[in-house]
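Trainee: Please take me through one helix pair in close detail. Then place that pair in the wider fold.

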Amino acid sequence: MAIQMIKVSIEAKDPGVGETFVKLVQLIGGMEILYPGDVVRPDLLIFELGDDVDEEFKAIRTLREAGAVGDFFLTSGNTDPDILMKAIKAGVTEFFSQPLVEEEVLESLRKFKRKFSEKSRHEIQKAGKIFHVLGGKGGVGTTTVAVNLAVSLAEQEENPSVVLVDLNMLYGEVPLFLSFEPLHDWSTISKNISRLDATYMMDILSAPYHGIRVLPAPNHLNGYYKPTADIIGHLLEFMRGMFDYVVVDGGQSLTDISLKGIEICDDVLLVSVLSLPCLANTNKIFKSFTDLGYFPRDRVKIIINRYMKNSDISIKDAEDSIDQKIFWTIPNDYHTTMAAINQGKPLKALEPKGIITKNFKMLADRLCQKEELPVRKEKKRWWGLSAN
Ligand SMILES: Nc1ncnc2c1ncn2[C@@H]1O[C@H](COP(=O)(O)OP(=O)(O)OP(=O)(O)O)[C@@H](O)[C@H]1O
Ligand SMILES: [Mg+2]
C-alpha cells in the first residue's frame, strides 16, 4: 500500500511564524506542505489569526461545514479567553499561543499524524491483487486475456470489485473490446496526480461494464505529455487500495512505465502461443525477469493461448525450452474470440456456456487459489489445465 502523505496548508500573517511551522512540519516527516494556488484539500490547515477575528472564525466554520479542510490548528498572539472559546466552538483541534513553544507544536503534529494514519488504515481496507498481463509477442491475445480475465474475476461469488487498466499508450483497445466511448483515460489522472483520492478516481473511471470498471489508455499524445513510471506506480498502488483486483493490459511493452507496473504487480501473466518465435521471446522475457532475481519464478505465470492439442509444438516442448511449467492453457477458438471483439462484448456475454468462457472462469478461480490443482488429464480436459 502506498504511504499517504498528509497535506498541510500553512497560512500565517507573520513570516517568522510561518517559517517556524514549515520547519516543524518538515521535521515530523510524512507531510507535504501545500502552496498558494494548489487546488488540493488540506488534511490540516495551520492558520494564524489576524485582526478581524470574527470574520476569520466565520470562514473557518464555513470551510469545516463544507468539509474543505480536515483539521485546524490555530495560533495567535492574542490569548483573550473569548478567542479560545470561539476556537473551541469552531471545532479547532489545537490552539498555540505566541511566542510558539516548538516542542508543544511538535507534540501536536505527532498526535495528528498518529490519528491520521489510523484513520487512513480504516478507510483504505482493501489490499487488492494486481495481475499484469504481458504479451510474449504482439497479437498473441493479451487484450483478450486481460478483458475476459477481468470480467471472470468480477463474476466470482464474493462479488469482488475489479478494475481493468489499459497501459498500451496509443494502441489501447479495451474500449473497443467492451464497446464504450471513454470520457477519460489515465493521462487525465496522471496530470492531476496530487488530486488523487477515491472520489476523483471514481469520477474518472468508466461506469461499470459487465461488472468491471475501466481506465483506458490515452488515444492521442496529449501535447507530448508523458507520465513518469513513478506516477503510474502511484496510480496502480492507489487502485490496489480501492479494488479487490486490478488487471493491467500491459501489451508487449517493456518501457519504464510497464516495468514499473510489472515491479509492483503480484503476478505477471505472460501470454504466449505455441510458435517458435513467440516461445523464444517468452523465454527471453521470462529469463530477464527471473535470472536476475527481479522476480521469483512462481510470480511469472506463463499462459499458452490458442492452444491446440495436435499442435506441432507440445506443452512439454514449451516447458522444456523455457525450463518452467506452463501455468495455464486457453483453447484456440478464433470464431468466438473474433465475434466477441467485433461485437464489443466479453466472451461471457457472447457465449456464457462456451468452453472458452468456462476456461476464463477457471483461470480466475485458479488465480484466486480456489481451483484445486488437477492431475494432468490431457485427453478429457484439453481446454483446461492440461499442463499441470
Ligand atoms: N484463444 C484464442 N483463440 C483464437 N484466437 C484468439 C484467441 N485469443 C485471441 N485470439 C485472436 O487473436 C487476435 C488478437 O487478439 P488480441 O487483440 O487480444 O491480441 P493482443 O496480443 O492484445 O494484440 P495487440 O498486440 O495488437 O495488442 C484476435 O483476432 C483474437 O480474436
Ligand atoms: Mg492488445
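**The α9–α10 contact**

Mentor: α9 crosses α10 with a right-handed sense. This is a predicted model. Two packed helices are described by the angle between their axes and the distance between the axes. Here helix α9 covers residues 229-242 and helix α10 covers residues 256-264. Their axes come within 8 Å and cross at roughly 35°.

Now the residues. From α9, the contact takes in Ala229, Asp230, Ile232, Gly233, Leu236, Glu237 and Arg240. From α10 come Asp256, Ile257, Lys260, Gly261 and Ile264. By class, the contact has 5 nonpolar, 5 charged and 2 polar residues.

Between these helices in sequence, look at strand β9, residues 245-249. Tyr245 belongs to β9, and its ring partner is Phe131 in strand β6, residues 129-135. The two residues are 114 positions apart in the chain. Their rings are stacked, at 6.1 Å centre to centre with 15° between the planes. Phe131 is buried at 0% relative accessible area. Tyr245 is buried too, at 13%. That value counts as buried because the cut-off is under 20%.

The stacked pair is one of 6 aromatic pairs in the whole structure. Elsewhere, Phe21, Phe73, Phe96, Phe112 and Phe116 make up one aromatic cluster.

Next, the backbone. Most residues other than glycine have a negative phi, and most peptide bonds are trans. Three places depart from that pattern. The peptide bond between Gln98 and Pro99 is cis, with omega about 0°. Pro99 sits in the loop between β5 (94-97) and α4 (102-123). Asn159 has a positive phi of about 60°. The loop that holds Asn159 runs between α5 (142-154) and β7 (162-166). Asn159 is exposed, at 61% relative accessible area. Arg306 also has a positive phi of about 60°. But Arg306 lies in a strand, β11, residues 300-307. Arg306 is partly exposed, at 38% relative accessibility.

Finally, the wider fold. The protein has 15 helices and 12 strands. It holds 388 residues, and 49% of them count as buried. Among contacts with a separation of 6 or more, 75% join residues 24 or more positions apart. The accessible surface is about 19,300 Å², and carbon and sulfur atoms account for 53% of that area.

Methods:
Residues are numbered from 1 along each chain as its sequence is written. Chains are lettered from A and ligands numbered from 1 in the order in which they are written. This is a predicted model: local features need pLDDT of at least 70, side-chain atom pairs count only at pLDDT 80 or more; totals for chains, interfaces and linings use all residues. Side-chain values use heavy atoms; hydrogens and water are left out. Helices (H or I, at least four residues) and strands (E, at least two) are DSSP runs, numbered from the N terminus. Buried means under 20% relative accessible area, exposed over 50%, partly exposed in between (1.4 Å probe, protein chains only). Contact means heavy atoms within 4.5 Å. Accessible areas come from the Shrake-Rupley method with a 1.4 Å probe; for residues, only the protein chains shown count as cover. Axes are lines fitted to C-alpha atoms, for helices over the stretch in contact, and angles run from 0 to 180 degrees between N-to-C directions. A crossing is left-handed if the near helix is turned anticlockwise from the far one by less than a right angle, and right-handed if clockwise. Ala, Val, Leu, Ile, Met, Phe, Trp, Tyr, Cys and Pro count as nonpolar, Asp, Glu, Lys and Arg as charged, and the others, Gly among them, as polar. Rings of Phe, Tyr and Trp (its six-membered ring) pair if their centres lie within 6.5 Å; planes under 30 degrees apart count as stacked, over 60 as edge-to-face and the rest as tilted.
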